[in-house]
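Please take the sequence and the model below together, and follow the empty spaces before turning to the meeting of the two chains.

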Amino acid sequence: MSDDATTPDTGVPIHSPGEDVIAVQRVPRRGATASTYRAFGETLRGLKTTFARVVEGPTTIQYPEEKVPVYPRFRGRHKLHRFEDTGLEKCVGCSLCAAACPADCIRVVAAENTPEHRVSAGERYAAVYEINLSRCIFCGYCEVACPFDAITMGHDYEMSDYSRDDLIFTKEMLLAEPLERTPLRAEGE
Amino acid sequence: MRPTFAVVGYYEPWLIQIAKAVVIFAVILGILPIIIVYERKLLGRFQNRYGPSRVGPFGLMQPLAEIVKFATKEPFRPRTSMAGLFALAPALSILTATAALALVPFGDVQNIFGTPVGLYGIDPSIGPLYLFAFSAIAFYGIMLGGWSSGSKYSLLGAMRGAAQLISYEVSQGLALVGVIITAQTLSLTGIVVAQKSMWFFIPQFLGFLIFLAAGFAETNRSPFDLVEADAEIVGGYFTEYGGGGFVAFLFAEYLNLIVIAGVTVTVYFGGWLLPFGIHPPGWVDPIIVLFKMFLLITFFIWIRATLPRPRYDQLMSFGWKVLLPLATLNTLITAILVVATHNGP
């Protein structure tokens with residue numbers, strides 16, 4: 001930048017202190033008063049805009065009373081399933097879900113079915129089936145890995161609790177008919 | 001001989017004067033929390049949300065809960081602050097706001113049990129001057145609060161407040177001069193009576209706009225809330241206040257809002273008068289005034305929801321380069337018109 005450079009609107013010469021320094025010269029912009037007068041019209045336009053928001057009404061969802069509906073493929077808390085006709089558990093204790101789990105939050109201990117004590121349709125059943133929901137990342141790999149569709153991801157997303165121990169869900173809790181707390185999103189919603 | 005001091009014109013017994021003061025104070029202080037919750041709920045609507053809705057039915061108990069919260073807070077002050085002035089400032093703020101309240105006329109002189117009672121605090125012969133005197137003292141509340149806090153943000157807020165209040169008081173006063181010339185009286189009840197044929201916001205429309213814009217600045221309300229400007233200087237002059245002091249400043253602010261709404265109603269919207277020659281019985285007058293004030297406060301909140309805060313230099317140039325010339329012009333034109341159409345001696 002040469003020394004005789006001037007700013008476009010004032011013609012004030014800029015003294016260049018060096019090549020690496022950028023001189024910024026600010027002068028009061030012209031037309032401040034005129035723009036204030038223009039602002040009156042813009043104010044009216046703004047008043048119209050905000051009033052339109054009142055007419056629109058609130059879009060807030062009153063959460064604990066009103067819930068956001070979820071999509072059918074939403075991955076919430078897991079569910080274990082039984083056969084509807086026989087009432088036997090679908091899970092055969094193969095531990096494929098535990099193997100697939102990237103967060104390592106599923107614990108399965110299998111046991112043999114006996115004729116007197118038949119729990120599942122297969123040869124073995126899950127004596128212990130625990131999911132540690134404080135570790136679960138809700139990826140749904142367990143659902144994919146399961147050969148019998150015994151475990152699926154449900155729609156429930158309200159799982160906060162006061163203690164970490166309470167977040168370890170046992171087989172009974174996962175098998176139990178879940179409280180339908182979360183509304184499902186309607187078609188086209 | 002002309003009186004040296006302003007004529008206040010008391011004619012009620014002192015007992016009734018005290019009763020009047022208590023009633024006005026109690027009613028307005030009872031309205032105050034309602035306005036606070038109304039403002040918050042309305043601001044919510046302006047932003048597509050509900051506003052406070054949890055405490056009590058429709059969230060109406062919100063201010064009560066907040067007052068309990070503030071009252072139970074630990075009083076503290078910064079090490080750098082000045083104890084006496086720090087305590088005095090909020091008291092001064094709320095005192096001046098309450099004093100200005102005495103001026104708003106809620107109705108004409110009524111005959112209550114055989115005693116004529118004016119439905120207003122006082123009606124001095126210098127109405128608007130009394131108002132400006134107290135809004136000038138109100139500025140000390142802000143200035144002292146900001147300065148005695150011993151904090152940079154507080155001082156910045158107080159300095160802005162000082163400059164803003166002084167700049168806009170000039171335009172506000174000049175805008176009011178137009179009305180005074182038209183009404184030919186300085187008494188606020190007199191101004192109301194002078195609006196029998198036409199409310200002053202029609203002939204004095206420019207003055208009304210100036211008065212309103214200056215009123216926003218005088219009450220430190222958005223868009224001219226640079227005194228508080230929470231995004232830049234935390235909370236301005238009440239940054240260091242918590243608990244009781246903060247509540248006092250908050251109440252003073254809303255009292256000022258009520259006062260400016262009351263004065264605007266009195267001066268430009270015919271006070272207790274109704275249009276189209278409707279004459280209701282006298283006891284309706286305060287309700288009319290309160291309803292008009294309510295509409296005006298709604299407009300104030302609407303403006304708050306709409307306009308962003310200007311920069312400080314924009315605020316100053318608006319006050320001095322736009323409002324003041326316009327107010328002067330308005331006064332001049334009004335004076336010429338009044339003299340030209342004057343049919344007296």
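**Spaces and contacts**

The second largest pocket encloses about 600 Å³ of space, where a pocket is, on a 1 Å grid over the protein atoms alone, an open set of points with protein on both sides within 12 Å along at least five of seven lines, and lining residues have an atom within 4 Å of a point. Its volume is the space filled by probe spheres set on the points, which are joined across faces, edges and corners. Of the 25 residues that line this second largest pocket, B:Glu228, B:Asp230, B:Glu253, B:Tyr254 and B:Arg304 are the closest to its centre, and the elements giving two or more residues to the lining are α1, α2 (62-71), α9 (243-268) and α10 of chain B. These elements are DSSP runs numbered from the N terminus, with helices being H or I of at least four residues and strands E of at least two. The lining divides into 11 nonpolar, 4 polar and 10 charged residues, with Ala, Val, Leu, Ile, Met, Phe, Trp, Tyr, Cys and Pro counted as nonpolar, Asp, Glu, Lys and Arg as charged, and the others, Gly among them, as polar.

This is a predicted model, in which local features need pLDDT of at least 70 and side-chain atom pairs count only at pLDDT 80 or more, while totals for chains, interfaces and linings use all residues. Residues are numbered from 1 along each chain as its sequence is written, chains are lettered from A and ligands numbered from 1 in the order in which they are written, and side-chain values use heavy atoms, with hydrogens and water left out.

Enclosed space comes next: there are 4 cavities of 30 Å³ or more, a cavity being a set of grid points where a 1.4 Å probe fits but cannot get out. The largest cavity holds about 300 Å³, and among its 23 lining residues B:Ser135, B:Ala138, B:Glu218, B:Thr219 and B:Asn256 are the closest to its centre. At least two lining residues come from each of α3 (83-101), α4 (127-148), α5 (152-183) and α9 of chain B, with α4(B) giving the most, 7 residues. This lining divides into 14 nonpolar, 7 polar and 2 charged residues. The second largest cavity, of about 90 Å³, is lined by 16 residues, of which A:Cys91, A:Cys94, A:Cys97, A:Cys146 and A:Ala150 lie nearest its centre, and its lining divides into 13 nonpolar, 2 polar and 1 charged.

How many residues does each chain bring to the contact? Chain B gives 17 residues and chain A gives 19, contact meaning heavy atoms within 4.5 Å. The area buried between the chains is about 1,800 Å², of which carbon and sulfur atoms give 63%; buried area is the accessible area (1.4 Å probe) that two parts lose on being put together, summed over both. B:Asn48, B:Tyr50 and B:Arg54 supply 32% of the area that chain B buries against chain A, more than any other three residues.

Between the chains there is 1 salt bridge, that is, a side-chain nitrogen of Lys or Arg within 4 Å of a carboxyl oxygen of Asp or Glu. B:Arg54 forms a salt bridge with A:Glu65, with the closest N and O atoms 3.1 Å apart. On the side of chain B that touches chain A, the largest share, 5 residues, comes from α10(B), and the residues of that side divide into 10 nonpolar, 3 polar and 4 charged.
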